[in-house]
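Work through the exercises below with the model open. Each has a task followed by a solution in steps.

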Amino acid sequence: MAAARGLSLTAAALRAATPWWRSRFFAASARPPVPREASSSSPEAGEGQIHLTNSCVQRLLEITQGAEFLRLEVEGGGCSGFQYRFSLDTVINPDDRVFEQGGARVVVDSDSLAFVKGAHVDFCQELIRSSFQVLNNPQAEKGCSCGSSFSVKL
């Protein structure tokens with residue numbers, strides 16, 4: 001069903017368990033497009049930070065409710081060695097770092113943060129898919145063409 005609507009399974013899987021969200025997630029935003037300008041997710045911008053683009057913040061505000069946030073994890077796999085994994089979550093663990101901007105939150109565990117520190121999290125909407133993506137990852141040496149996997153600098 002997600003493919004019929006032109007969305008990737010990654011984006012559709014974010015809320016697959018709860019049918020009431022469909023109208024919010026797939027509905028086109030009535031707001032004007034926001035430029036993809038990156039901004040800092042916390043007061044002290046630095047190397048150990050994750051930056052959220054305006055489109056990421058806007059989309060998270062549309063699809064999350066209450067205590068929900070976007071979790072970014074890095075796991076082994078993909079065609080380049082490591083891959084990004086996004087999910088909606090409500091539990092913050094002791095080793096998590098929270099990056100908040102404009103009411104939208106992205107949470108990264110300390111192990112994954114070592115692989116994505118300094119990167120930008122964006123929401124990209126294209127004809128073939130809509131998904132959260134990691135852009136400009138300074139820890140990645142190279143990645144696959146779809147942008148979901150990468151190899152780390154040694």
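A salt bridge is a side-chain nitrogen of Lys or Arg within 4 Å of a carboxyl oxygen of Asp or Glu. The model used here is predicted.

**Exercise 1. A salt bridge inside a helix**

Task: Decide whether the side chains of Glu62 and Arg59 meet in a salt bridge or not, and say where the two residues lie.

Solution:
- Step 1. Compare the distance with the cut-off: nitrogen and oxygen are 2.4 Å apart, and the limit is 4 Å.
- Step 2. Conclude that Glu62 and Arg59 form a salt bridge.
- Step 3. Place the pair: both residues belong to helix α3, three residues apart, which is about one turn of the helix.
- Step 4. Check the exposure: Glu62 and Arg59 are both buried.

**Exercise 2. Salt bridges between strands**

Task: Find which strands are linked by the bridge of Asp96 with Arg71, and which by the bridge of Glu75 with Arg85. Then state for each residue whether it is buried or partly exposed.

Solution:
- Step 1. The closest N and O atoms of Asp96 and Arg71 are 2.9 Å apart, and the two form a salt bridge.
- Step 2. Asp96 sits in strand β5 (residues 96-101) and Arg71 in strand β3, so this bridge links distant parts of the chain, 25 residues apart.
- Step 3. Buried means under 20% relative accessible area. Asp96, at 11%, therefore counts as buried. Arg71 is buried as well, with 5%.
- Step 4. For Glu75 and Arg85 the closest N and O atoms are 3.9 Å apart, again a salt bridge.
- Step 5. Glu75 is in strand β3 and Arg85 in strand β4, ten residues apart.
- Step 6. Glu75 has a relative accessible area of 30% and is partly exposed; Arg85 is partly exposed too, with 38%.
- Step 7. Look for shared partners: salt bridges join Arg71, Asp89 and Asp96 into one network. The whole structure holds six salt bridges.

**Exercise 3. Two pairs of aromatic rings**

Task: State whether the pair Tyr84 and Phe150 is stacked or tilted, and do the same for Phe86 and Phe132.

Solution:
- Step 1. Five aromatic pairs are found in the structure. A pair of rings is described by the distance of the centres and the angle of the planes.
- Step 2. The ring centres of Tyr84 and Phe150 are 4.6 Å apart and the planes stand at 20°, so the pair is stacked.
- Step 3. Tyr84 lies in strand β4 and Phe150 in strand β10, 66 residues apart. Both residues are buried.
- Step 4. The ring centres of Phe86 and Phe132 are 6.0 Å apart with planes at 40°, so this pair is tilted.
- Step 5. Because Phe86 is in strand β4 and Phe132 in strand β8, the pair ties together parts 46 residues apart in sequence.
- Step 6. Phe86 is buried, with a relative accessible area of 11%, and Phe132 is buried at 5%.
- Step 7. Tyr84 and Phe150 also belong to one aromatic cluster with Phe82 and Phe115.

**Exercise 4. The nonpolar core**

Task: Say which residues touch the most other members of the largest nonpolar core, and which element gives the most to this core.

Solution:
- Step 1. The largest nonpolar core has 26 residues, of which Leu72 and Val116 touch the most other members.
- Step 2. Elements that each supply at least two residues include α3 (54-63), β3 (69-77), β4 (81-89) and α4 (110-116).
- Step 3. Helix α3 gives the most, with four residues.
- Step 4. Leaving out residues up to four places away in sequence, Leu72 touches Tyr84, Phe86 and Val116, among others.

**Exercise 5. The whole chain and its confidence**

Task: Describe the chain as a whole, and say which element has the lowest mean pLDDT and which the highest.

Solution:
- Step 1. The protein has four helices and ten strands, in the order α-α-β-β-α-β-β-β-β-α-β-β-β-β.
- Step 2. Of its 154 residues, 44% are buried.
- Step 3. The mean pLDDT is 75, and 65% of the residues reach 70 or more.
- Step 4. Helix α2 (residues 22-26) has the lowest mean pLDDT, 36, and β6 the highest, 98.
- Step 5. Over residues 1-45 the pLDDT is below 50.

Methods:
Residues are numbered from 1 along each chain as its sequence is written. This is a predicted model: local features need pLDDT of at least 70, side-chain atom pairs count only at pLDDT 80 or more; totals for chains, interfaces and linings use all residues. Side-chain values use heavy atoms; hydrogens and water are left out. Buried means under 20% relative accessible area, exposed over 50%, partly exposed in between (1.4 Å probe, protein chains only). A nonpolar core is a set of buried Ala, Val, Leu, Ile, Met, Phe, Trp, Tyr and Cys residues joined through side-chain atoms within 4.5 Å. Contact means heavy atoms within 4.5 Å. Rings of Phe, Tyr and Trp (its six-membered ring) pair if their centres lie within 6.5 Å; planes under 30 degrees apart count as stacked, over 60 as edge-to-face and the rest as tilted. pLDDT is the predictor's confidence in each residue, from 0 to 100.
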